Protein chains: 2
Amino acid sequence: MNPEFIDSLVTKNTTKIVFLIMDGLGGLPSGKNGLTELEAARTPNLDVLTERSVCGLLDPVGYGITPGSGPAHFSLFGYDPIRTTVGRGLLSAAGINFPMSERDLFMRVNLATIDANGIVVDRRAGRIGTDLNRKICVKLQTEIDLGADVEFFMEPEKEHRALIALRSDSLSDNLTDSDPEATGKKPLVVKASDPSAQKSADIINTLLEQAKIILSGEEKANMILLRGFARYRKFKSLYTRYGLSSLAIAEYPMYQGIARLLGMDVNPPTGSIEGEITSLKENYSKYDFFFIHIKPTDSRGEDGDYESKLKVIEEVDSHIPSVLKLNPDVLVVTGDHSTPAALASHSWHPVPVLLAARTCRPDRVKRFGERDCIMGGISRIPMMNLMGLALAHAGRLSKFGA
Amino acid sequence: MNPEFIDSLVTKNTTKIVFLIMDGLGGLPSGKNGLTELEAARTPNLDVLTERSVCGLLDPVGYGITPGSGPAHFSLFGYDPIRTTVGRGLLSAAGINFPMSERDLFMRVNLATIDANGIVVDRRAGRIGTDLNRKICVKLQTEIDLGADVEFFMEPEKEHRALIALRSDSLSDNLTDSDPEATGKKPLVVKASDPSAQKSADIINTLLEQAKIILSGEEKANMILLRGFARYRKFKSLYTRYGLSSLAIAEYPMYQGIARLLGMDVNPPTGSIEGEITSLKENYSKYDFFFIHIKPTDSRGEDGDYESKLKVIEEVDSHIPSVLKLNPDVLVVTGDHSTPAALASHSWHPVPVLLAARTCRPDRVKRFGERDCIMGGISRIPMMNLMGLALAHAGRLSKFGA
C-alpha cells in the first residue's frame with residue numbers, strides 16, 4: 001500500500017504517540033548461547049509490555065536491502081524510502097540547522113591531506129580538531145570568490161567534516177563527486193551528469209581550484225573533498241500529512257536533521273538516554289508525536305561489540321516504566337534497521353517491533369526478540385506502513401468508503 | 001500483486017466455490033477471559049474444518065485502514081478497493097435494483113425535518129415509516145419539474161431513506177453534499193467541485209428549492225438532504241473476470257447491491273441464517289460461485305454486544321455441516337472486515353480466514369480464531385488476493401509462463 005494513501009483519512013484528536021527507536025536494534029545470534037543481542041538482553045519491562053502488545057517484524061526498505069539511516073528513518077515516519085531520496089549534503093545541512101533557501105546546492109565536505117603531487121594521503125586530514133576545522137571554514141568563507149552570482153557558505157561539523165552550500169539560480173545536483181573515496185588517488189574533477197548541470201560543475205571545479213591554493217599552507221587540512229551533492233528539497237511535514245505536532249528527541253545531528261526536514265521540532269541534545277527520557281516527560285504536554293532516537297545500540301553494533309549493544313538495550317528497558325507512566329495512547333518500540341554486532345554494520349534483516357495501545361489485538365508473543373516477533377500479530381510488513389498502524393490505534397484515521 | 005493479474009490465467013471448469021462471509025467477523029479481546037468473540041465462541045464444526053484447512057489473516061484495504069462495507073466487499077471479490085471506489089448513491093441504486101442507465105447521477109436521500117427558519121432539527125424526520133416515505137416519493141416524483149432535458153426518479157428505501165436518480169447528458173458527481181450531517185444547521189447549497197459540474201449543481205439546487213416548497217405542508221418530512229453523489233459506473237463482472245456464474249445470498253440491500261454491481265444474481269431475502277443456507281442448497285446446482293453474507297455478526301459488533309456477536313458465530317458454526325454436505329471444491333470462511341464489540345464499530349484489524357480444499361496445504365492451526373490464524377499457512381495477506389487463491393484451489397487458474 002502506498003503509505004500516502006492514509007493522508008486523506010487523517011483526523012485530529014488529542015491522543016499521544018511515542019516512537020521509541022533503538023537505532024540498529026535488530027541483531028544476529030552471537031556468542032555462546034546462540035541468541036541475538038535483543039534476545040540475550042534482560043528486558044523485564046519490555047517483556048511485560050510485550051504481553052499486552054502486538055508484535056512483528058519490519059522491513060525498512062525491502063527484502064535484502066540494507067538501508068542507510070536516511071531511508072530507514074523516512075520509512076519509519078511513513079515516507080516511501082525509495083521515492084523519498086535525500087542526498088547526504090541536504091542531510092548535513094538539516095543536521096546543523098543551516099538556514100536553507102530554494103536556490104541552495106549542498107555538499108558534504110571532508111577536510112583532507114594531499115601530498116606535493118596532489119595525491120590524497122589522508123581523507124580525514126588526521127581527524128583534525130573541530131577548532132581548526134572552524135578556522136579553516138572561516139578562511140575559505142572569507143577568501144573563496146565565485147563571482148557576483150554565486151553565494152558561498154561553509155560551516156564546520158565535527159572533526160574533519162563540514163558543509164558547503166552554494167546559492168544561485170538554476171544549480172543542479174546531477175554531479176559526480178570530487179571525493180575519490182580512497183587514498184593514493186587525486187581528487188576527481190566534478191562532472192555534470194547531464195548538460196543542464198554543466199554550470200554547477202564549472203562553479204564547483206573553480207571552487208576546488210581556489211580551495212587548493214587557499215589551503216596550500218595548511219599542514220594537514222590542505223584540500224577539501226566533496227560528495228553527496230544535493231539541491232534543496234521540501235518534504236511534506238508530519239503535521240501536513242498526519243496533523244501531528246512532533247518533537248524529535250535525538251542526540252545526533254543526522255537524526256535531528258531528518259526530523260527537521262519532516263517539520264519536527266528538535267530537542268537540544270541531553271547527553272544520555274536518561275536525559276532523553278526526561279525531555280520526553282518535560283515536553284509531553286506540548287506535542288502529539290514523539291520520536292525518541294537512541295543512538296548507542298547502532299554505534300555498539302557498528303563496533304561489533306555484542307555485549308555493549310546488549311547493555312544499551314538493557315538500559316533502555318530500565319526506562320520503559322517511566323515512559324509507561326505517561327500513559328501514551330500508542331507506544332511503538334522498534335529500530336530503524338538492524339545493526340548486528342556479528343556484522344559490525346547495518347544489515348537488511350527485518351527489525352522487531354512492538355505496538356502497545358488499548359485497541360491492539362495482543363498476540364501470543366511473550367518476550368521482545370527477533371524470533372518471538374515472527375509469531376506476532378503484525379507479522380512481517382514494510383516499515384513505511386507502521387505509521388498508518390500507529391495512527392489507526394491512536395484513533396486518528398477515519399473510515400475509508402461507504 | 002495487482003489482483004487483475006489473475007484474470008488472464010482463468011480457465012473454466014465445473015468446480016464450486018463458496019464464500020461464507022460473516023460481516024465484521026474480526027474482534028478484540030473483551031470480557032473476563034481475554035478472548036475475542038470468535039475465540040470465545042464454541043465452534044466445534046469450524047474447528048474440525050480448520051484442521052484440514054489453510055488459515056491466515058486478511059487486510060481488507062491496508063495496514064491501519066478501517067473500511068466501509070463497499071471497499072471491504074470489493075476486496076473480497078478480488079477488486080482493488082482503493083482503485084475501485086463506489087459512491088454511496090450508486091450503492092443505494094444497486095441495492096434497490098434501480099434500472100440504471102449510463103446517463104444517471106445517483107444520490108442518497110434522507111427525509112428530514114426543518115423548522116420555520118429552515119434549520120435542520122431532525123436529519124431522519126423522526127424515522128418516519130416506510131409507507132409515508134413512499135407517499136412522499138410519489139408526491140415529489142409527480143411535482144418536481146427540472147425541465148425537458150432532465151428526468152427525475154425518486155425511490156423509497158426503509159424508514160426515512162430514499163434514492164434520487166437524475167438522468168440527463170453530461171451530469172457530474174463532482175459535487176458537495178447538501179446534507180449538513182448535523183442538526184442546528186441549514187441544508188447546504190450544493191457546489192460544483194470543478195467547472196464541468198456546475199450544470200449538475202444548478203439542477204440539484206433547483207430540485208432542492210422545489211422540494212422545500214412541495215414538502216412545506218408535511219409535518220415531519222418537510223425537506224430532503226442529499227449526499228453521496230455518484231454517477232453510473234460499470235464494473236467488470238465476476239463472470240467476465242473469472243468465468244464464474246455467481247449467486248449472492250444476502251439479506252440486506254447494500255450487499256445485494258454490491259453483488260449486482262459485480263454481475264451476480266441475487267437471491268431474495270430469506271429472513272434468517274438458516275434460510276440463507278437453505279437457499280445455498282436449493283441453488284447449488286445452478287452456479288459456480290456462492291457469496292453467502294451473514295449480517296448479524298457486524299450488527300451485534302456495532303451494538304457493542306460481545307455476547308450476541310459470539311452467539312451469531314455459534315449459529316453459523318451449527319450450519320457448517322450442511323455446507324460441507326454439498327462438498328464444495330473450495331470453501332472460504334471469513335469476514336469482510338473486523339467489527340470488534342469492544343469498539344462498537346468497524347476497525348482496521350485483519351480478519352481471520354480459512355480456506356478448505358482438497359488442494360490446500362494444511363497448517364498447524366487447530367482452532368479458528370484471530371491469534372491461531374497468525375500461525376496459518378496463508379499468513380497475513382491483502383484481502384484482494386484471496387479470490388486468486390480460491391480460483392487456484394478450484395483448479396481455475398492456468399500456469400503462468402513457459
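Trainee: Quick one. Does α9(B) pass α11(B) in a left-handed or a right-handed crossing?
Mentor: Right-handed. Left-handed would need the near helix turned anticlockwise from the far one by less than a right angle; clockwise makes it right-handed. Keep in mind that this is a predicted model, where local features need pLDDT of at least 70, side-chain atom pairs count only at pLDDT 80 or more, and totals for chains, interfaces and linings use all residues. Residues are numbered from 1 along each chain as its sequence is written, while chains are lettered from A and ligands numbered from 1 in the order in which they are written.

Trainee: Where do α9(B) and α11(B) sit in the sequence, and at what angle do they cross?
Mentor: α9 of chain B is 273-283, and α11 of chain B is 306-325. Helices (H or I, at least four residues) and strands (E, at least two) are DSSP runs, numbered from the N terminus. The two axes cross at roughly 15 degrees and come within 10 Å. Axes are lines fitted to C-alpha atoms, for helices over the stretch in contact, with angles from 0 to 180 degrees between N-to-C directions.

Trainee: So what do we call that pair?
Mentor: Roughly parallel. Under 35 degrees is roughly parallel, over 145 roughly antiparallel, 65 to 115 roughly perpendicular, and the rest oblique.

Trainee: Which residues of α9(B) meet α11(B)?
Mentor: B:Ile273, B:Glu274, B:Ile277 and B:Leu280. On α11(B) their partners are B:Glu315, B:Val316, B:His319, B:Ser322 and B:Val323. Contact here is C-beta atoms, placed from the backbone, within 7 Å. By class that gives 5 nonpolar, 2 polar and 2 charged. Ala, Val, Leu, Ile, Met, Phe, Trp, Tyr, Cys and Pro count as nonpolar, Asp, Glu, Lys and Arg as charged, and the others, Gly among them, as polar.

Trainee: And how does α2(B) cross α11(B)?
Mentor: At roughly 55 degrees, with the axes within 7 Å. α2(B) and α11(B) are therefore oblique to each other. B:Pro44, B:Asn45, B:Leu46 and B:Leu49 in α2(B) touch B:Asp317, B:Ile320 and B:Pro321 in α11(B). The split is 5 nonpolar, 1 polar and 1 charged.

Trainee: Switching to chain A. What are its domains?
Mentor: Domain 1 is 3-85 + 236-393, and domain 2 is 91-231. Those bounds come from an automatic or database domain assignment. The C-alpha centres of the two domains of chain A are 34 Å apart.

Trainee: How many residues of each domain are in contact?
Mentor: In chain A, 8 from domain 1 and 6 from domain 2. On the domain 1 side, α8 of chain A (253-261) gives the most, with 7 residues.

Trainee: At what angle does α8(A) pack against α4(A)?
Mentor: About 95 degrees, axes 7 Å apart. That makes α4(A) roughly perpendicular to α8(A).

Trainee: Now the chains. How many residues does each put into the contact?
Mentor: 27 from chain B and 22 from chain A. On chain B, the elements giving two or more residues are α3 (69-76), α4 (88-95), α12 (370-373) and β13 (379-382). The chain B side has 13 nonpolar, 10 polar and 4 charged residues.

Trainee: What turn lays chain B on chain A?
Mentor: 123 degrees, with a shift of 0.0 Å along the axis and an RMSD of 0.2 Å. That is the relation of a three-fold axis. The fit is by least squares on C-alpha atoms of residues with pLDDT of at least 70 in both copies.

Trainee: Which residue of chain B comes closest to the rotation axis?
Mentor: B:Met375, at 3.8 Å by C-alpha.

Trainee: Why do we say the copies meet through different surfaces?
Mentor: Because only 7% of the interface residues of chain B are also interface residues in chain A.

Definitions and conventions. Contact = placed C-beta atoms within 7 Å.
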